[in-house]
Amino acid sequence: MSKSESIAKAYEPAEVEEKWYRWWMEQDFFRADADSEKPRYSMVLPPPNVTGNLHMGHALNHTLQDIIIRWKRMKGFDVLWLPGTDHAGIATQNVVERQLAEQGKRRTDLGREKFEEMVWEWKDQAETNILNQARRLGCSWDWSRKRFTLDEGLSRAVREVFVRLYQDDLIYRGEYLVNWCPRCSTAISDLEVEYKPSEGKLWHIRYPIQGSDGFVVVATTRPETMLGDTAVAVHPEDERYRHLHGGKVLLPLMDRDIPVITDDFVDREFGTGAVKVTPGHDPNDFEAGRRHQLLLLKVIGEDGRMTEAAGSYKGMDRYEARKKVVSDLQEQGFLVKIEDHSYNIGLCQRCETVVEPLVSEQWFVKVKPLAEAAVQAVEKKQTVFVPENYERIYFEWMRNIHDWCISRQLWWGHRIPAWYCDDCPEVTVALTEPSTCSHCQGSSLKQDSDVLDTWFSSALWPFSTMGWPDQTKDLQVYYPTDTLVTGFDIIFFWVARMMMMGLRFMKAVPFHTVHINGLVRDEQGQKMSKSRGNVIDPLQIIDEYGTDAMRFTLAVMAVPGTDIPFSISRMTGYRAFCNKIWNACRFLLLNLDQEEPVSEQEVDQLRQRKQLNLGERWILSRLQKVIAETNENLEKFRFHEASNNLYHFFWHEFCDWFIELAKIGFTSENVEERRTTGRLMAYVLESCLRLLHPFIPFITEELWQELPHSGKSVMVAPYPEAHQEWTDPAAEKEMEELQDLVIAIRTSRSENNIDPRKKIPLQLACKPEYQNFLESQLHPIKNLAQLKEVVFVSNLETGGLRVQGVSRIADFVLVLDEVIDLGADRTRLSQQIDRSTANVQQLQKKLKNANFVQKAPEHVVVGVRRRHQEAVEQLKKLQEKLDGLSQP
């Protein structure tokens, strides 16, 4: 059986992908070797959450990382791509709680231990699914180093970091205003709050001034919180309220005196310029309350219901209380007016419940000392962002940073390593569970029930996964990592925090480059969401089009700094590209006699001995430029340019031109010419497979194994390096001129409806300096343009069955005596002229209708005028063609 018969006539991805991934795993190609003498390249995978399946965002992110990793591996680096998954505290707990709710149960019905067991079961199931999906995507992870943010080693690292930060006074516990989600029953960070535009109301309320018949009017979007007001604030320079400085007002409904304070935080242009101050339920008011030592009242509880401090409203849902408060204000004459008001409302990122600012005792990290070092590292270019504009976003966040609330009122996650003593008010923070209180030696201890924010453990990912706090060989060899590929939406959630922790505990940045990829959106640019019904499952795409087609589509569309409007139609085109590669290999194998690998030395000898024809010199030169461009583009993370260039070169240069020229060589009677054509084509095609492998790994491995090659696998074969001395500007210029002539001839044939399979004679008139060149290329010109013969003339024949054309280096005439039936062509053209004339007349009639021109929308009239002009020009061309056929 010949080599061409050993591969199917069409590429079937499903048959190829599973086979090669399993074989790569068996060969241990993905494993990094810390004892290797090769140069190092390391990356950590942004760990997917164990909340379900991978989505198109993961497909993009994983594809771009795998392109880098496979490229570096082929470039001779010892490569570590460290994978793993994230426990995703609040998100994963919500998934399991929803499952319980379907059974009519709550987590409290199970108890903490049983609930945690249930979440671990879900984690195992979800993680298995995610890892299988990653295999389908072709991710060349080092599976021997797979980690999980709650595994034993990472849990130890988390405790170590917590204890050290606590001992350095960088972690503290205190009362602070936090974002509280009543649905999730936990504090959430500022970054976990999504703000969405909302249409609400602005209520204006009258507060009586003590010792006077006057009153001051304040405006609020949340009237239920007035029950917790402990002051009214005015700007110190607002002359309207100077008489109130140091005075008091009566709090409506609560019959409580509260002071009037002056503070610069008041916006004199908002409402009346006087604002209610509720330290227990507003971040600005909380800070103002601290400055002025105001009483802090908590009138809304963690369950979203009014507390005892709310008086007669106790027990009401917060929105029920709002209605009752407004009604009572109106009834008692305190409500001045209600206005429509647009504002942003804060929602929990996980469950979209309206977030409630509440004062709560939580654990915090003092972030500013950590942030300063992280800012300096980027300023000094120890870490760079690609694209560079994301540095500005990073700096804005880091320079306006607040203390990080790290405690969460959840059961799933890293339990805070702090114990409270029943015998004294102190807390013991320790790496392991203490038997006695570190302050009074009491033995009655109880661990804090809260868990740490998911991002706390994620912040340690680059070094905790390599064995820290132990000083492992992996840490010595692979830290800092080289590149992080991630989305812009977690620059602060994750990137900034990894920078802070890496610098603090490793004294070095965690990565040298941060490449920010865009978001994958639908074809109309809309964000993918279940509610919109526009979510695309990457596995469904893979099942229909194959992994390679999907990967290549994502790479082509991955323009730095922009989101990707994912298009199924583009997928179809790149599936066709894979088939094009497949068919090119089948063609070569059908015509290739030799099975020995083609070395660069052999190609160089052919080149130096001048045994290569124009097409072979040209494709070899073009290959060098594509190799150089691809390496440069990948070095600069320009995935879209690298993939686009490879696509253009392979399809439009190698297939459209070189293979067509190679067909001439393969049919030559000269044995050496046939051999040279086969050897050079094998070399170029094998080089293309190596160039393309990082982008489309499965099909390239399948075909590379069929071609003459050296080595065990394309994924560990050397990535092509350009030979600048092989570039041939003269060959590229000559080939460009030949292509221009052939394209002009093909265009003339097409415009005159000449059967592309019919060979016709051609007359050629050129400048004397091009005569020798064109005569030397007559054979390829005749084959590429389907010509019966080419005759050089001084003056081209005109008239009759002659079609003239021009190119850069020659004018020509197609001689059509043998291919055109004059009578049939005149009839065809006459019929076309009749139809075109009728169309022109119809459009003229419409434009002469004053009623239409005056009353129709302007864009409609403009469109008709444009179509009329195009119809007149078409009629003119048809008439010229008919006149040309009528000439003797």
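Visitor: At what angle do the axes of helix 23 and helix 24 cross?
Guide: This is a predicted model. In it, the axes of helix 23 (residues 729-751) and helix 24 (residues 768-776) cross at roughly 85 degrees and come within 12 Å.

Visitor: Is that roughly parallel or roughly perpendicular?
Guide: Helix 23 is roughly perpendicular to helix 24, because angles of 65 to 115 degrees count as roughly perpendicular.

Visitor: Which residues make the contact?
Guide: Helix 23 contributes Lys 733, Glu 734, Glu 737, Leu 738 and Leu 741. From helix 24 come Tyr 770, Phe 773 and Leu 774.

Visitor: And how many of them are nonpolar, polar or charged?
Guide: The contact of helix 23 with helix 24 has 5 nonpolar residues, 3 charged ones and no polar ones.

Visitor: Switching to helix 16. Buried or exposed?
Guide: Buried. For helix 16 (residues 547-557), 11 of the 11 residues are buried, so the helix is largely enclosed by the rest of the structure.

Visitor: Which charged residues are among the buried ones there?
Guide: Asp 548 and Arg 551 are among them. The buried residues of helix 16 also include Met 550, Phe 552, Leu 554 and Val 556.

Visitor: Now sheets. What is the strand order in the one with strand 7?
Guide: The order is 8-7-13, in an open sheet of 3 strands with antiparallel pairing.

Visitor: Which strands stand at the edges?
Guide: Strand 8 (215-220) and strand 13 (335-348) do. Each has a single partner strand, so one side of each has no neighbour in the sheet. Neighbouring strands of this sheet are turned by 20 degrees against each other on average, with direction ignored.

Visitor: How many bridges between strand 7 and strand 13?
Guide: Strand 7 (residues 193-208) and strand 13 pair over 13 bridges, in the antiparallel sense. As for the register, Glu 199 stands opposite Ser 342 in strand 13.

Visitor: What about the sheet with strand 18, what order does that have?
Guide: The order is 19-18-20, an open sheet of 3 strands with antiparallel pairing. Strand 19 and strand 20 are at the edges, each with a single partner strand, so one side of each is left without a neighbour in the sheet. On average, and ignoring direction, neighbouring strands here are turned by 30 degrees against each other.

Visitor: What joins strand 18 and strand 19?
Guide: They form a hairpin, with 5 residues between the two strands. Strand 18 (residues 418-421) and strand 19 (residues 427-429) pair antiparallel over 3 bridges. Ala 418 stands opposite Val 429 in strand 19.

Visitor: And on the strand 20 side, how many bridges?
Guide: 3 bridges join strand 18 to strand 20 (residues 445-447), and these strands run antiparallel. Cys 421 has Leu 445 of strand 20 as its bridge partner, and Trp 419 has Gln 447 of strand 20.

Visitor: Last one, Asn 517. Where is that?
Guide: Asn 517 is in strand 23 (residues 511-517).

Visitor: Why does Asn 517 count as buried?
Guide: Because its relative accessibility is 7%, and buried means under 20%.

Visitor: What does the side chain make a polar contact with?
Guide: The side chain of Asn 517 makes a polar contact with the side chain of Asn 61, at 3.1 Å.

Visitor: Which residues does Asn 517 touch, leaving out those up to four places away in sequence?
Guide: Asn 517 touches Leu 60, Asn 61 and Leu 64, along with Val 485, Thr 486, Gly 487 and Phe 488.

Key
Residues are numbered from 1 along each chain as its sequence is written. This is a predicted model: local features need pLDDT of at least 70, side-chain atom pairs count only at pLDDT 80 or more; totals for chains, interfaces and linings use all residues. Side-chain values use heavy atoms; hydrogens and water are left out. Axes are lines fitted to C-alpha atoms, for helices over the stretch in contact, and angles run from 0 to 180 degrees between N-to-C directions. Helices (H or I, at least four residues) and strands (E, at least two) are DSSP runs, numbered from the N terminus. Angles under 35 degrees count as roughly parallel, over 145 as roughly antiparallel, 65 to 115 as roughly perpendicular and the rest as oblique. Contact means heavy atoms within 4.5 Å. Two strands pair if DSSP finds at least two bridges between them. Buried means under 20% relative accessible area, exposed over 50%, partly exposed in between (1.4 Å probe, protein chains only). A polar contact is a pair of N or O atoms within 3.5 Å; within protein, one must be able to donate a hydrogen and the other to accept it, and residues adjacent in sequence count only if both atoms are side-chain atoms.
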